[in-house]
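Thanks for sharing this one. Here are some numbered notes to read alongside the coordinates, going from the sheets to the hollows and then to a couple of backbone details.

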Amino acid sequence: MANLPVNKTAHAFDKVKFEALLNRRFFYAPAFEIYGGVAGLYDYGPPGSSLQANIIAEWRKHFIVEEHMLEIDSTIMTPAPVFETSGHVARFADWMVKDAKTGDVLRADHLVKNVFEARLAGDKEARGQAAQPQKEDEKKRKKKNAVKNVAVQLSDELVKEYEVILAQLDNYSGPELGELCRKYDIRNPDTGNEVTEPQQFNLMFTSSIGPTGQHPGYLRPETAQGHFLNFSRLLEFNNGRVPFASAQIGRSFRNEISPRAGLLRVREFTMAEIEHYVDPDDKRHERFGEVRDVVLDLLDRNVQVAGSTDVTKITVGEAVDKGIIANETLGYFVARIYQFLVKIGVDSARLRFRQHMANEMAHYATDCWDAEIQNSYGWTECVGCADRAAYDLTVHSKKTGHPLIVRQALKEPIVTEKLVAEFDKKTLGKTLGKDAGVVQKIFADLDESQLVKVQGELAQGSSTVVTPEGKEIQLTPALVTIERKTFKQSVREYTPNVIEPSFGLGRILYVLLEHNFWAREQDIERGVLSLPSVVAPTKVLIVPLSAKEEFNPLIQEVSSKLRRAGVFSRVDDSNTSIGKRYARNDELGTPFGVTLDFASVQNRTMTLRERDTTGQLIGNIDEVIGVVVDLVNGSSDWAEACNRLQVYDGVQAVE
């Protein structure tokens, strides 16, 4: 009885019931709802806030603690020059189109995707390959930009065209998206009107710093720049050693063109980002061997460009060995991302890593993989893992003049010989005047072969150089000599490369809820959230069977002992039936419940209920608490609990 098998797929996923549960239990809700709300802004309720906090706590353990990362907390408000330098002002944009008559704004790639997917669904329906779509309620039907499926059969050639375009949609530029709209007659689904040519829209929220408005600023669209600007301090804190990583959890803001899909596309959200600094000449990772055999579903760029979305099951080690994933450190973090997502409850069968194609690659990246998770909205990017190379540190160093570099003492000095130009600066200045500096700069840029050529010409009496303005200047051995010199280098200076895993926590939270929602086989109205203990908002529900005062000392004792053990519990002493109390908390994802009945008062026994199986065990109060603590901490499982405690037969042992 206590360990019965559970059929979680007896009923198909019901999005209406799922969203009703989230709303009823206040996991999250539209912000400013009583004022009419603002698209893309949400407030988390008690269970949603706890769930997010638990995800963050596990993220800290999995990454910051496990990898000895340096945690920072940088400002949200950022002066404009920072994002001008980083490239965000020029490039952090999406393509939008407007309804040619009403002026309504739509995101171009989402419009193409939604229209094509609706047409393909209509084709399947016309061919009898898909069931009639479920009837949606009136509110759902009125949603803006919802593309209605119409049962129209397409030609086989057109179906293939649509599928190929969808497979590589992220690779299309703005003008190419406009061409798709014209070629395939893609219109605003709300009005049927044509749309304008795509325009770029910068996603950053603008602001100003100070009372005069003379210092423009932005709300950060990512936390990354705060890491890079503090690199020198972080390096010093780490005793000048590389590799190391910094980590940050905080709010970011993106002024999305047309936010919808709940938490999947919002304007304010929590990110968790890591910047791992590594020697550009050595991107091995000392712990790569620990993840080498992790098997992933990879969708590489070549498959996408060929118009396919077929994934390859492959170990991380093999993917790195074959050059599919660029290097060991990038591969290590891809594997660690996979392990984290699965640990907190993401279904591994609906998790893939998709490589960015050339056109969609961020301006700073050399390779990038997105952890995409399948849900009712399709495949959603929830984590990005990019090799940003040395881009950020280089541009900020160049702009500010502050060297963001690593100085590494060499065990063995490097001795090199090379040709160098030696100038008689006094004579050079007198002879050439203002051109003296120009000539020295020209020589500083000459390579070995060019210096050899000049050396030969000087041996013949003179050599001629040409300034950028086209002026010819004749040089003699009295002004410059070319000699081979020996150099001894005992310190190596380099700009580290950065591997960046970047997590959108709101998206992860949403797909986690979807993946763990199901309805009881015997009662479709009884929804359950099978959240793992590690992230469940409440770990244990304490259910007293009676409101009599004699129960109070036991309730306080059990609650206190769980609290001291670090287990978050909640007492439900409402006057509804015990079945309804448990059903309510099954919806909240509470994995365990303990019941205090009249036998508890008389014999100090307590029953323990497991959420998914509804199986119950019984034992001494302290024994049950010990089992619960081990279950919640992950040091035991339900099968082991069944060995430690007796199965409860539903009969109270009272005299």
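1. Let me begin with the small sheet. In this predicted model, strand β5, residues 93-98, pairs with β6 in the antiparallel sense over three bridges. If you would like one pair to look at, K98 has V105 of β6 as its bridge partner.

2. Now step back to the sheet around that pair. The sheet is open and has three strands in the order β6-β5-β7, with antiparallel pairing. Its edges are β6 (105-107) and β7 (199-202); each has a single partner strand, so one side of each is left without a neighbour in the sheet. On average, neighbouring strands here are turned by 50° against each other, direction ignored. Helix α5, residues 108-126, lies across β5 and β6 and runs at about 75° to β6.

3. There is also a nine-stranded sheet to consider. This open sheet follows the order β3-β10-β11-β21-β16-β15-β14-β12-β13, and its pairing is mixed. Here β3 (70-71) and β13 (312-315) stand at the edges with a single partner strand each, so one side of each is left without a neighbour in the sheet.

4. Within the nine-stranded sheet, I would look at β11 and β21. Strand β21 covers residues 497-504 and pairs with β11 in the antiparallel sense over six bridges. One residue pair to display is Y277 with its bridge partner in β21, V498. Helix α2 (residues 46-65) lies across β3, β10, β11 and β21, and runs at about 0° to β11.

5. On the division of the chain: domain 1 is made of 8-84, 204-393 and 498-507, while domain 2 spans 93-202, domain 3 spans 412-492 and domain 4 spans 538-647. The C-alpha centres of domain 2 and domain 3 lie 62 Å apart.

6. Which residues are closest to the centre of the second largest pocket? The pocket has a volume of about 560 Å³. Of its 23 lining residues, V242, P243, F244, H276 and E286 are the closest to the centre. At least two lining residues come from each of β10 (244-253), β11 (268-278), α14 (328-343) and β20 (480-494). By class, the lining has nine nonpolar, six polar and eight charged residues.

7. Two of those central pocket residues, V242 and P243, deserve a second look. They are joined by a cis peptide bond, with omega at about 10°. P243 sits in the loop between α10 (231-237) and β10.

8. How many cavities of 30 Å³ or more does a search of the whole structure find? The search gives two. The second largest cavity holds about 30 Å³ of space, and its lining consists of L541, Y582, N585, D586, T590, P591, F592, G593, R609 and R611. The elements that give two or more residues to this lining are α21 (578-587) and β26 (592-596), with α21 giving the most, three residues. The lining residues divide into four nonpolar, three polar and three charged.

9. A last backbone detail for your checklist is F32. Its phi is near 55°, a positive value in a residue other than glycine. F32 belongs to the loop between β1 (28-30) and β2 (42-44).

Note on methods:
Residues numbered from 1 in each chain as written. Predicted model: local features only at pLDDT ≥ 70, side-chain atom pairs only at ≥ 80, totals over all residues. Heavy atoms only, no water. 1 Å grid on protein atoms, 1.4 Å probe; cavity = no way out; pocket = protein on both sides within 12 Å on 5 of 7 lines; lining within 4 Å. Points joined across faces, edges and corners; volume = space filled by probe spheres on them. Helix = DSSP H or I, 4+ residues; strand = E, 2+ residues; numbered from the N terminus. Nonpolar A, V, L, I, M, F, W, Y, C, P; charged D, E, K, R; others polar. Pairing = 2+ DSSP bridges. Axes fitted to C-alpha atoms, helices over the stretch in contact; angles between N-to-C directions. Contact = heavy atoms within 4.5 Å. Domains from an automatic or database assignment.
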